[in-house]
Amino acid sequence: MDRFAALADPTRRSIVELLAEGALPAGEIGARFSASPPAISQHLKVLREAGLVTVEVRGQQRIYRLDPAGLDAFDAWLRRVRRFWGRHLDLLEQELAKPETGEGDTR
C-alpha cells in the first residue's frame with residue numbers, strides 16, 4: 001500500500017504520532033483507541049505493509065516502532081515538491097517584479 005494512502009486514515013495517523021514517542025506493544029497501542037483490537041491490528045498491518053512501522057516479536061508480544069526508511073521516503077518526496085514550488089514561485093516573483101506595460105496605454 002502507498003504510504004500516503006496508509007496515512008489517509010486518521011486512526012493510522014494517530015498511531016504513527018503515538019509511535020513517534022517510542023516503540024509500544026500492540027496491546028498498549030490498542031488500549032489507547034476505542035476501536036476493537038482486530039481493527040487496530042488491521043491498522044497496524046496496513047502501516048507495516050506500507051513500510052511505515054516495523055514489528056518485533058518478543059514472546060507473545062508484538063512491539064511496533066516507526067520505520068525510519070518509510071519516513072525518509074516522505075522527506076524525499078517533500079524535498080522534490082519544495083524544489084518544484086521554490087523554482088516556480090521564484091519565476092512568478094520575477095514576473096510580478098517586471099514593470100507594467102500598460103496594454104491600454106495611449107501615450
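This is a guided walk through the charged and nonpolar side chains of one protein model.

The model is predicted, and local features are described where pLDDT is at least 70, side-chain atom pairs count only at pLDDT 80 or more, and totals for chains, interfaces and linings use all residues. Residues are numbered from 1 along each chain as its sequence is written, and side-chain values use heavy atoms, with hydrogens and water left out.

Let us start with pairs of charges. Side chains of opposite charge can pair when their charged atoms come close. Such a pair is called a salt bridge here when a side-chain nitrogen of Lys or Arg is within 4 Å of a carboxyl oxygen of Asp or Glu. How many salt bridges does a search of the whole structure find? The search finds five.

One of them joins R32 to E28, with 3.0 Å between the closest N and O atoms. To say how covered a residue is, we use its relative accessible area: buried means under 20%, exposed means over 50%, and partly exposed lies in between (1.4 Å probe, protein chains only). R32 counts as partly exposed because its relative accessibility is 45%. E28 is also partly exposed, because its value is 34%.

Another salt bridge brings together the side chains of E49 and K45, at 4.0 Å from N to O. Both residues sit in helix α4 (residues 37-49), four residues apart, which is about one turn of the helix. Helices in this text are DSSP runs (H or I) of at least four residues, strands are DSSP runs (E) of at least two, and both are numbered from the N terminus. K45 has a relative accessible area of 34%, so this lysine is partly exposed.

Further along the chain, E95 pairs with K98 in a salt bridge whose closest N and O atoms are 2.8 Å apart. E95 counts as partly exposed because its relative accessibility is 48%, and K98 is partly exposed at 48% too. There is also a small group to find: E56, R58 and R65 are linked in a network of salt bridges.

Now look for charges that are covered. R12 is found in helix α2 (residues 10-19). Is R12 buried or exposed? Its relative accessibility is 12%, so R12 counts as buried. Even so, R12 has no salt bridge, and the nearest side chain of opposite charge, D9, is 4.6 Å away. (Lys and Arg count as positive and Asp and Glu as negative, while His and the chain ends are not counted.)

What does the side chain of R12 reach instead? It reaches the backbone oxygen of A6 at 2.7 Å, and a polar contact of 3.2 Å joins the side chains of R12 and H43. A polar contact is a pair of N or O atoms within 3.5 Å; within protein, one must be able to donate a hydrogen and the other to accept it, and residues adjacent in sequence count only if both atoms are side-chain atoms. R12 and H43 are 31 residues apart in sequence, yet their C-alpha atoms are 6.0 Å apart in space.

D67 offers a second case, in the loop between β3 (61-66) and α5. D67 is buried without a salt bridge, and R3, the nearest side chain of opposite charge, is 6.4 Å away. The D67 side chain reaches the backbone nitrogen of A69 at 3.0 Å.

Finally, turn to the surface. Patches are made of residues with over 30% relative accessible area and no salt bridge, with like charges joined within 9 Å and nonpolar side chains (Val, Leu, Ile, Met, Phe, Trp, Tyr) within 5 Å. The place of a charge is taken as NZ of Lys, CZ of Arg, CG of Asp or CD of Glu. R79, R80, R83 and R87 gather in a surface patch of positive charge, and R87 lies in helix α5 (residues 68-97).

Which residues form the nonpolar patch on the surface? They are F84, W85, L89, L92 and L96, with about 540 Å² of accessible area together. Accessible areas come from the Shrake-Rupley method with a 1.4 Å probe, and for residues only the protein chains shown count as cover. W85 is found in helix α5, and L96 lies in helix α5 as well. L96 counts as exposed because its relative accessibility is 65%, whereas W85, at 48%, counts as partly exposed. The C-alpha atoms of W85 and L96 are separated by 16 Å, and the two residues are 11 apart along the chain.
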